[in-house]
Amino acid sequence: METIQNFDYLFAAFAILWVVVFGYFFFLTRQLADLRREVNALREERESQAGPSTTDPDS
């Protein structure tokens, strides 16, 4: 039947779409984790260069 074959194509299209969406979210998650690591490394470097003489205004 033609309608059953059309459902197969529809299912395949949705499956491909979801694979692409999840792949994109996975890519974004990895990029965000890399950026967080880089920001933390830069903060630690800045704090180590500032030395212990810098006082925190919140304390």
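**Exercise 1.** Is D34 buried, partly exposed or exposed?

Solution. The model is predicted, and the values below are computed from it. Step one: the relative accessibility of D34 is 32%. Step two: buried means under 20% and exposed means over 50%, with partly exposed in between. Step three: D34 therefore counts as partly exposed.

**Exercise 2.** Find how many salt bridges the structure holds, and describe the residues involved.

Solution. Step one: the count is one salt bridge. Step two: its partners are the side chains of R37 and D34, with 2.3 Å from N to O. A salt bridge requires these atoms to lie within 4 Å. Step three: place the two residues. R37 and D34 are three residues apart in helix α1, so about one helical turn separates them. Step four: look at R37 itself. With a relative accessibility of 53%, R37 counts as exposed.

**Exercise 3.** State the secondary structure of the protein and how much of the protein is buried.

Solution. Step one: the secondary structure consists of one helix and zero strands. Helix α1 covers residues 2–50. Step two: the protein has 59 residues, and 0% of them count as buried. Step three: the exposed area of the protein is about 5900 Å², of which carbon and sulfur atoms supply 65%.

**Exercise 4.** Find the aromatic pairs in the whole structure and classify each one.

Solution. Step one: the search gives two aromatic pairs. Step two: take W18 and F22. Their ring centres are 5.8 Å apart and their planes meet at 35°, so this pair is tilted. The tilted class lies between stacked, under 30 degrees, and edge-to-face, over 60. Both residues belong to helix α1, four residues apart, or about one turn of the helix. W18 is partly exposed at 48% relative accessible area, whereas F22 is exposed at 54%. Step three: take Y24 and F25. This pair is also tilted, with 6.4 Å from centre to centre and 40° between the planes. F25 counts as partly exposed, its relative accessibility being 47%.

**Exercise 5.** Which residues make the nonpolar surface patch of about 1100 Å²?

Solution. Step one: the members include the paired residues W18, F22, Y24 and F25. Step two: the patch is also made by F7, L10, F14, L17, F27 and L28. Step three: check F27 as an example. F27 lies in helix α1 and is partly exposed, with a relative accessible area of 45%. Patch residues need over 30%, so F27 passes this cut-off.

Definitions and conventions
Residues are numbered from 1 along each chain as its sequence is written. This is a predicted model: local features need pLDDT of at least 70, side-chain atom pairs count only at pLDDT 80 or more; totals for chains, interfaces and linings use all residues. Side-chain values use heavy atoms; hydrogens and water are left out. Rings of Phe, Tyr and Trp (its six-membered ring) pair if their centres lie within 6.5 Å; planes under 30 degrees apart count as stacked, over 60 as edge-to-face and the rest as tilted. Helices (H or I, at least four residues) and strands (E, at least two) are DSSP runs, numbered from the N terminus. Buried means under 20% relative accessible area, exposed over 50%, partly exposed in between (1.4 Å probe, protein chains only). Accessible areas come from the Shrake-Rupley method with a 1.4 Å probe; for residues, only the protein chains shown count as cover. Patches are made of residues with over 30% relative accessible area and no salt bridge: like charges are joined within 9 Å, nonpolar side chains (Val, Leu, Ile, Met, Phe, Trp, Tyr) within 5 Å.
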